[in-house]
Amino acid sequence: MIRSMTGFGAAPLPVGPVEASLEIRTVNGRHLKLNMRLPAGLEAAEEPLRALLGASLRRGSVDVTLRTDGHAGIESTIEVDGARVEAVLTAWRSIAEQYGVPGEIDLALLGRSDRLFVERAPGPGELLSVEALESAAAAAVAQVVEMREAEGERIARDFRDRLAAIAAGLDVVERAAPERLERERERLREAVAELTEGSTLDDDRIA
């Protein structure tokens with residue numbers, strides 16, 4: 001079976017409330033070249049995906065992309081910026097020691113400092129499992145293979161049509177060849193007769 005190297009497939013992925021899909025796009029390439037565009041946190045999925053894609057596609061330039069509509073709808077959490085808290089406490093202690101300022105450093109004092117908390121929303125890389133990615137990749141690869149085979153069948157039909165046209169043309173040539181040869185001999189006879197003022201030559205010399 002002829003199989004094209006051009007294809008596309010996509011499969012949805014569950015990423016909490018976010019809509020996401022894994023897309024696989026392939027174009028012509030002499031060897032298999034895999035280009036992964038996955039979010040941070042999914043590094044562990046690259047090797048299984050490469051094995052899956054390599055077993056099914058074998059040749060071509062392959063782009064694998066995880067697309068999401070952003071972080072809309074994902075609940076964020078408030079976390080303490082520990083490094084900044086430590087820096088603020090160090091600064092207050094330094095003031096107390098250097099300038100002899102009495103008093104305790106308490107929550108009320110810390111509460112007057114800015115940016116002690118950070119809002120954080122998990123990214124797709126933290127919400128997706130390797131298994132979910134592999135499942136989506138398998139579904140997308142199946143679409144790619146189906147498209148490649150359909151395109152390959154179109155190419156095969158085109159080849160068959162062209163070969164049939166060539167065969168038909170050869171039949172015409174084979175039938176016309178003897179007549180053309182005789183016409184060419186007659187033309188040469190006339191040319192020779194004209195050049196030799198009516199003298200004739202035998203067929204062997206004309207040939």
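## Helix α5, salt bridges and core of a predicted model

E184 is partly exposed, with a relative accessible area of 30%. Here, buried means under 20% relative accessible area and exposed means over 50%; partly exposed lies in between, with a 1.4 Å probe and protein chains only. This is a predicted model, in which local features need pLDDT of at least 70 and side-chain atom pairs count only at pLDDT 80 or more, while totals for chains, interfaces and linings use all residues. Residues are numbered from 1 along each chain as its sequence is written, and side-chain values use heavy atoms, without hydrogens and water.

**Overall layout**

The protein chain has 6 helices and 6 strands. These are DSSP runs numbered from the N terminus: helices are H or I with at least four residues, strands are E with at least two. The order from the N terminus is β-β-β-α-β-β-α-α-β-α-α-α. Of the 207 residues in the protein chain, 26% are buried.

**Salt bridges**

Side chains of opposite charge can pair when their charged atoms come close. The structure holds 7 salt bridges. Each is a side-chain nitrogen of Lys or Arg within 4 Å of a carboxyl oxygen of Asp or Glu. Three of the pairs are listed here.

| Pair | Distance, N to O |
|---|---|
| E184 and R187 | 2.5 Å |
| R157 and E153 | 3.9 Å |
| R37 and D63 | 3.6 Å |

The pair R37 and D63 links distant parts of the chain. R37 sits in strand β3 (residues 32–37), D63 in strand β4 (residues 60–68), and 26 residues separate them. R37 is partly exposed at 46% relative accessible area. D63 is also partly exposed, at 23%.

The other two tabulated pairs belong to helix α5. E184 and R187 are 3 residues apart in this helix, so about one helical turn separates them. R187 is partly exposed, with 44% relative accessibility. R157 and E153 are 4 residues apart in α5 (residues 130–195), again about one helical turn. R157 reaches 41% relative accessibility and counts as partly exposed. E153 is partly exposed at 34%. A network of salt bridges links E153, R157 and R160.

E131 lies in α5 as well. This residue is exposed, at 56% relative accessible area. The C-alpha atoms of E131 and A45 are 8.4 Å apart, although their positions lie 86 residues apart along the chain.

**Helix α1 and the loop after it**

Helix α1 (residues 46–57) has 12 residues. At 1.5 Å a residue, α1 should span 16 Å, and its end C-alpha atoms are 16 Å apart, which agrees. The expected span is 1.5 Å times one less than the number of residues. L49, L53 and L57 are the buried residues of α1. Seen down the helix axis, the buried residues of α1 fall within an arc of 35°, so they line one face. That arc is taken from the directions from the helix axis to the C-beta atoms. The face turned away from the buried side carries the exposed residues E47, A51 and A55.

R58 follows just after α1, in the loop between α1 and β4. R58 has a positive phi of about 70° although it is not a glycine. R58 is exposed, at 62% relative accessibility.

R115, also not a glycine, has a positive phi of about 60°. R115 is found in the loop between α3 (107–110) and β6 (117–120). R115 is exposed, with a relative accessible area of 61%.

**Core and surface patch**

In soluble globular proteins, nonpolar side chains tend to be buried together. A nonpolar core is a set of buried Ala, Val, Leu, Ile, Met, Phe, Trp, Tyr and Cys residues joined through side-chain atoms within 4.5 Å. The largest core has 24 residues, of which L13, L22, I24 and L53 touch the most other members. β1 (7–15), β2 (18–27), β3, α1, β4 and α5 are the elements that give two or more residues to this core. Its largest share, 7 residues, comes from α5.

A nonpolar patch on the surface is formed by W92, I95, Y99, V101 and I105, with about 440 Å² of accessible area together. Patches take residues with over 30% relative accessible area and no salt bridge, joining like charges within 9 Å and nonpolar side chains (Val, Leu, Ile, Met, Phe, Trp, Tyr) within 5 Å. Areas come from the Shrake-Rupley method with a 1.4 Å probe; for residues, only the protein chains shown count as cover. Y99 is found in helix α2 (residues 82–99). Y99 is exposed, at 59% relative accessibility.
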